[in-house]
Amino acid sequence: MAVAELGPVVLDCPEPRALARFYAGVLGGTVEGEGDWVDLKLPDGRALAFQAAPGFVPPKWPAPDDSQQFHLDLDVKDLDAAEKAVLELGARPLDAEDRTRTFRVYADPAGHPFCLCAC
């Protein structure tokens with residue numbers, strides 16, 4: 001028997017509402033809340049949450065001497081189309097040059113790494 005159920009994944013960031021809007025553009029859903037805590041309610045019922053973190057320092061990619069903390073894998077059907085969309089929303093490429101792979105790595109506007117995966 002499970003002791004708990006997984007709640008939303010929470011991302012620390014400097015501007016919770018702005019980062020929630022970025023992920024709403026990528027994943028769909030509804031942004032709810034203001035201030036230090038904002039939720040993104042996804043169409044399938046799952047959620048991401050965004051928490052204000054004073055002094056936030058984004059993770060580094062790649063950084064063998066530093067922790068990347070975590071990253072999101074986002075499944076897509078068309079890597080090129082998804083890449084165009086996330087770049088227009090404000091993502092920046094971290095490791096996207098190798099077009100033979102089934103994934104590409106980007107940073108969201110707050111610097112968290114995420115992968116677009118056609119796996």
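Visitor: What makes both faces of strand E8 count as covered?
Guide: Pro113, Cys115 and Cys117 on one side and Phe114 and Leu116 on the other are all buried. Buried means under 20% relative accessible area, exposed means over 50%, and partly exposed lies in between (1.4 Å probe, protein chains only). Five of the five residues of E8 are buried, so this strand is largely enclosed by the rest of the structure. The model is predicted: local features need pLDDT of at least 70, side-chain atom pairs count only at pLDDT 80 or more, and totals for chains, interfaces and linings use all residues. Residues are numbered from 1 along each chain as its sequence is written, and side-chain values use heavy atoms, leaving out hydrogens and water.

Visitor: Why are E5 and E6 said to stand at the edges?
Guide: The open sheet has four strands in the order E5-E8-E7-E6, with mixed pairing. Strand E5 (72-75) and strand E6 (92-95) each have a single partner strand, so one side of each lacks a neighbour in the sheet. From one strand to the next, the twist averages 35 degrees. Strands (E, at least two residues) and helices (H or I, at least four) are DSSP runs numbered from the N terminus.

Visitor: What makes E5 and E8 a pair, and in which sense?
Guide: Two strands pair if DSSP finds at least two bridges between them. E5 and E8 (residues 113-117) have four bridges, in the parallel sense, and therefore meet that definition. Asp73 stands opposite Cys115, and Asp75 has Cys117 as its bridge partner.

Visitor: In which sense do E7 and E8 pair, and over how many bridges?
Guide: E7 and E8 pair in the antiparallel sense over five bridges. Here Phe103 has Cys117 as its bridge partner. The two strands form a hairpin with five residues between them, and Gly111 in the turn has a positive phi of about 100 degrees.

Visitor: How do you know that Asp80 and Arg104 form a salt bridge?
Guide: A salt bridge is a side-chain nitrogen of Lys or Arg within 4 Å of a carboxyl oxygen of Asp or Glu. The closest N and O atoms of Asp80 and Arg104 are 3.0 Å apart, so the pair satisfies the definition. Asp80 lies in helix H2 and Arg104 in strand E7, so the bridge ties together parts 24 residues apart in sequence. Arg104 also meets Glu83 in a salt bridge (3.6 Å, N to O); Glu83 is in helix H2, 21 residues from Arg104.

Visitor: Why are Arg104 and Glu83 classed as they are, and Asp80 likewise?
Guide: Arg104 has a relative accessible area of 3% and Glu83 one of 12%; both values are under 20%, so both residues are buried. Asp80, at 46%, is partly exposed.

Visitor: What is said of Asp108 and salt bridges?
Guide: Asp108, in the loop between E7 and E8, is buried yet has no salt bridge. The nearest side chain of opposite charge (Lys and Arg count as positive, Asp and Glu as negative, with His and the chain ends not counted) is Arg92, 7.6 Å away. That distance is not within 4 Å, so the definition is not met.

Visitor: What joins the side chains of Asp108 and Tyr23?
Guide: A polar contact of 2.8 Å joins them. The term denotes a pair of N or O atoms within 3.5 Å; within protein, one must be able to donate a hydrogen and the other to accept it, and residues adjacent in sequence count only if both atoms are side-chain atoms.

Key: Axes are lines fitted to C-alpha atoms, for helices over the stretch in contact, and angles run from 0 to 180 degrees between N-to-C directions.
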